[in-house]
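Here is a walk through one model, written for someone who would rather look at side chains than read tables. Keep the viewer open as you go.

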Amino acid sequence: MKRNEVFIAFAKKLNIGKAQLKKIFLTDGKVYLPYLQEVFTEIKKRLKENRENADLADEFSNRSANPWAYLNPDISVLTLARLLTLHSGRTSAKLRAECTKPRITEDILWSFLAMQLETTVDKLNRNMRVRDIKLPLAGFEKHSWLTFVIWTDSVFGDGRLLEKPERADEIAEMSVREFFGFFLRQ
C-alpha cells in the first residue's frame, strides 16, 4: 500500500465516502473507536510493508503503555488518517499534537491550583469548594474563583466549559475535586 491510498482505504473500511472523512468527527459517535483502532493499525502495517514508504511517522506507537488514551475526540477522521501519510518530522509532530491531548493527572491540577494561590500543594484544603478559591493576583476578591475556572479550562480543557453563563453558579458550588473531574481523562 502506498501513502496516497490511505484515504481511500480508510473510507472503504469505514464504509463512507472519501469526502466524508473530513465531515465525521470522533465525538459524533458514528465511528466505533475500537474498530477505528483496528483500521488504523492494519493500514499502518500495510504501509510499512511497502518499502517505498520509508521514514513513516510512528504515531500511536506500541512503545506507549496506552497510546489511544491520548486521542483527542474532537478531531476529524481525515485528520487522523493524515498521520499515516506523513514522513516523520516536524509536520507529523504538529499533526500528532492536533490529534492528541496530553494526559492530565489530579496531581498536575492540584499543583496548578497551588501555583495560582501562591502556596504549596500540602497547604491546600482538599475539600474546598470552587467558590472558596480567592486569587492573590486579584487581591483575594470573592469572584476571583471565576478567573481560575477560565484559566483551568483554557489550559487543560477546550475553553467551552462556561459557554452557558448559568453553568458558572453550578461550578462554584462544586468541590475543587469535582471540578477537576472535567479535565481528567480515563
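Which residues line the largest cavity?

## The cavity

The residues around the largest cavity are Lys44, Leu47, Leu56, Ala57, Leu83, Leu84 and Leu86. Before going further, bear in mind that this is a predicted model. The largest cavity holds about 30 Å³ of space, and the count of cavities of 30 Å³ or more comes to 1.

Keep an eye on Lys44, one of the residues lining that cavity. Lys44 turns up again as a contact of Ser61 and as a member of a salt-bridge network.

## Ser61 and its surroundings

Ser61 sits in the loop that runs between helix 2 (33-49) and helix 3 (77-82). Is Ser61 buried or exposed? Its relative accessibility is 15%, and the cut-off for buried is under 20%, so Ser61 counts as buried.

What does Ser61 touch? Setting aside neighbours within four places in sequence, Ser61 is in contact with Lys44 and Pro67. There is also a polar contact of 3.4 Å between the side chains of Ser61 and Asp58. Asp58 is worth a click too, since a salt bridge joins it to Lys48.

## Salt bridges from the loop

The model has 10 salt bridges in the count. Take Glu52 and Lys2, whose side chains form a salt bridge at 3.8 Å, N to O. Glu52 is in the loop between helix 2 and helix 3, while Lys2 is in the segment before helix 1 (6-14), so this pair ties together parts 50 residues apart in sequence. At 60% relative accessibility, Glu52 counts as exposed, whereas Lys2, at 38%, counts as partly exposed.

Next comes the bridge between Asp58 and Lys48, with the closest N and O atoms 3.8 Å apart. This pair links distant parts of the chain, with Asp58 in the loop between helix 2 and helix 3 and Lys48 in helix 2, 10 residues apart. Both ends count as partly exposed: Asp58 has a relative accessibility of 37%, and Lys48 has 44%.

## Glu59, Arg96 and a small network

Where do the partners of the Glu59 and Arg96 pair lie? Their side chains meet in a salt bridge of 3.1 Å, N to O. Glu59 is in the loop between helix 2 and helix 3 and Arg96 is in helix 4 (residues 90-99), so the bridge ties together parts that are 37 residues apart in sequence. Glu59 is buried, with a relative accessible area of 2%, while Arg96 counts as partly exposed at 35% relative accessibility.

Some bridges share partners: Lys44, Lys48 and Asp58 are joined into one network that way.

## The two sides of helix 4

Arg96 brings us to helix 4. Which residues of helix 4 are buried? They are Ser92, Leu95 and Cys99. These cover an arc of only 65° around the axis, which puts them on the same side of helix 4. The buried residues of helix 4 pack against helix 3.

Turn the helix around and you get the face directed away from the buried side, with the exposed residues Arg90, Lys94 and Ala97.

## Two backbone oddities

Asp55 is not a glycine, but its phi is positive, at about 60°. You'll find Asp55 in the loop between helix 2 and helix 3.

Phe140 is another residue other than glycine with a positive phi, near 60°. Phe140 is in the loop between helix 5 (106-116) and helix 6 (144-156), and at 52% relative accessibility it counts as exposed.

## The largest pocket

How much space lies in the largest pocket? About 340 Å³. The pocket is lined by 17 residues, and those closest to its centre are Lys101, Phe156, Gly157, Asp158 and Phe183.

Helix 6 gives the largest share of the lining, with 3 residues. To get your bearings in the viewer, start from the centre of the pocket at Lys101, Phe156, Gly157, Asp158 and Phe183, then look for the part of the lining that comes from helix 6.

Key
Residues numbered from 1 in each chain as written. Predicted model: local features only at pLDDT ≥ 70, side-chain atom pairs only at ≥ 80, totals over all residues. Heavy atoms only, no water. Helix = DSSP H or I, 4+ residues; strand = E, 2+ residues; numbered from the N terminus. Buried < 20%, exposed > 50% of the residue type's maximum accessible area, 1.4 Å probe, protein only. Polar contact = N/O pair within 3.5 Å; in protein donor to acceptor, adjacent residues only side chain to side chain. Contact = heavy atoms within 4.5 Å. Salt bridge = Lys/Arg side-chain N within 4 Å of Asp/Glu carboxyl O. Arc of directions from axis to C-beta. 1 Å grid on protein atoms, 1.4 Å probe; cavity = no way out; pocket = protein on both sides within 12 Å on 5 of 7 lines; lining within 4 Å. Points joined across faces, edges and corners; volume = space filled by probe spheres on them.
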